[in-house]
Amino acid sequence: LKQLIYSQADTSYRDKAEQFRVIKQNFNNSGQYDDEDLAYVEFKRNEAKAVLSESLKKDKKSAIWQYPAFGFKKLVFDWMGLYATSPVRVIFSNIVMILFFAMIFTTLPYLANTYLNGINPNDPFWIKYWNSAYYTGITYFTVGYGEIVPIGILRLVADLTAFVGVFMMSYFTVAFVRKILR
């Protein structure tokens, strides 16, 4: 079905999205939930492309914000969680985000007058990285023991880390509950 829909040269992204939506609903009605998830992902992908192309047709200048918005949605909703259809992918994305923020917490002190109070600045890079990963995890999951405190610009990075952590945990909850309720 996927090949058949994508091989239609005379249909728009909106038409393709509608076809995948109908297929998704049929799979849901027949209890084929794994196939429903696949159709739902294709529906959302084509819907996003339709919104982008329709916006650009209306106003070419909207590309300034439409492309970044499309890229953000593609990264967060598609790649990081397959539109809340894959709890395992969301967990993997959480691990990647923690390691990413740990790298920021480790490298930013080399570039700016900022540091994590509680991490020895004389430690080797990888020791600082794993200590930063611990701090990132504690901040990401909003535990906040308080033995490591950000100083300088890292305070803003810590705020962003906590926000992303709350968002991604919510995203995981949606993906997990979606699977459980079937």
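Select Lys2, Glu42, Arg45, Lys74 and Asp78 together, and you will have in view a network of salt bridges that links these five residues in this predicted model. Within that network, pick out Arg45 and Asp78, whose side chains meet in a salt bridge with an N to O distance of 2.8 Å. This pair links distant parts of the chain, since Arg45 belongs to helix H3 and Asp78 to helix H4 (residues 63-79), 33 residues apart. Arg45 is partly exposed, with a relative accessible area of 24%, whereas Asp78 is buried, with a relative accessible area of 1%.

Stay on helix H3 and select Asp37, then add Lys179: the side chains of Asp37 and Lys179 meet in a salt bridge of 2.5 Å, N to O. Here too the pair links distant parts of the chain, with Asp37 in helix H3 and Lys179 in helix H7, 142 residues apart. Asp37 counts as buried, at a relative accessible area of 5%, and Lys179 counts as partly exposed, at 30%.

Next, move to helix H2 and select Glu18 and Arg21, whose side chains also meet in a salt bridge of 2.5 Å, N to O. Because they are three residues apart in helix H2, Glu18 and Arg21 are separated by about one helical turn. Glu18 is partly exposed, with a relative accessibility of 37%, and Arg21 is partly exposed as well, with a relative accessible area of 32%. The count of salt bridges comes to 10.

Now select the whole of helix H2 (13-29). At 1.5 Å a residue, its 17 residues should span 24 Å, and the end C-alpha atoms of H2 are indeed 24 Å apart, so the expected and modelled spans agree. Colour Lys16, Ala17, Phe20, Ile23, Lys24 and Phe27, which are the buried residues of H2. They lie on the same side of H2, because they cover an arc of only 125 degrees around its axis. To see what covers these buried residues, show H1 and helix H3 (33-58), which are included in that cover. After H2 comes Gly31, whose phi is positive, near 80 degrees.

On the other side of the sequence from Gly31, look at Ser12, which is found in the loop between helix H1 (2-6) and helix H2. Ser12 counts as partly exposed, at 35% relative accessibility. Add Trp79, which is 67 residues from Ser12 along the chain, and the C-alpha atoms of the two are separated by 23 Å.

Return to helix H3 and select Asn46. Asn46 counts as buried, at 0% relative accessibility. Leaving aside residues up to four places away in sequence, Asn46 touches Tyr6, Tyr13, Lys16, Ala17 and Phe20.

For the last stop, select Phe105, Leu116 and Met168, which touch the most other members of the largest nonpolar core, a set of 20 residues. Helix H5 (87-111), helix H6 (125-140) and helix H7 (154-180) each supply at least two residues of this core, and the largest share, seven residues, comes from H7. Show the surroundings of Phe105 and, again leaving aside residues up to four places away in sequence, you will find that Phe105 touches Leu116, Ser132, Tyr135, Thr136, Leu154, Val157, Ala158 and Thr161. Apart from this core lies another, of 11 residues, among them Ile5, Phe20, Ile23 and Ala39.

Technical notes: Residues are numbered from 1 along each chain as its sequence is written. This is a predicted model: local features need pLDDT of at least 70, side-chain atom pairs count only at pLDDT 80 or more; totals for chains, interfaces and linings use all residues. Side-chain values use heavy atoms; hydrogens and water are left out. Helices (H or I, at least four residues) and strands (E, at least two) are DSSP runs, numbered from the N terminus. Buried means under 20% relative accessible area, exposed over 50%, partly exposed in between (1.4 Å probe, protein chains only). A nonpolar core is a set of buried Ala, Val, Leu, Ile, Met, Phe, Trp, Tyr and Cys residues joined through side-chain atoms within 4.5 Å. Contact means heavy atoms within 4.5 Å. The expected span of a helix is 1.5 Å times one less than its number of residues. The arc is that of the directions from the helix axis to the C-beta atoms. A salt bridge is a side-chain nitrogen of Lys or Arg within 4 Å of a carboxyl oxygen of Asp or Glu.
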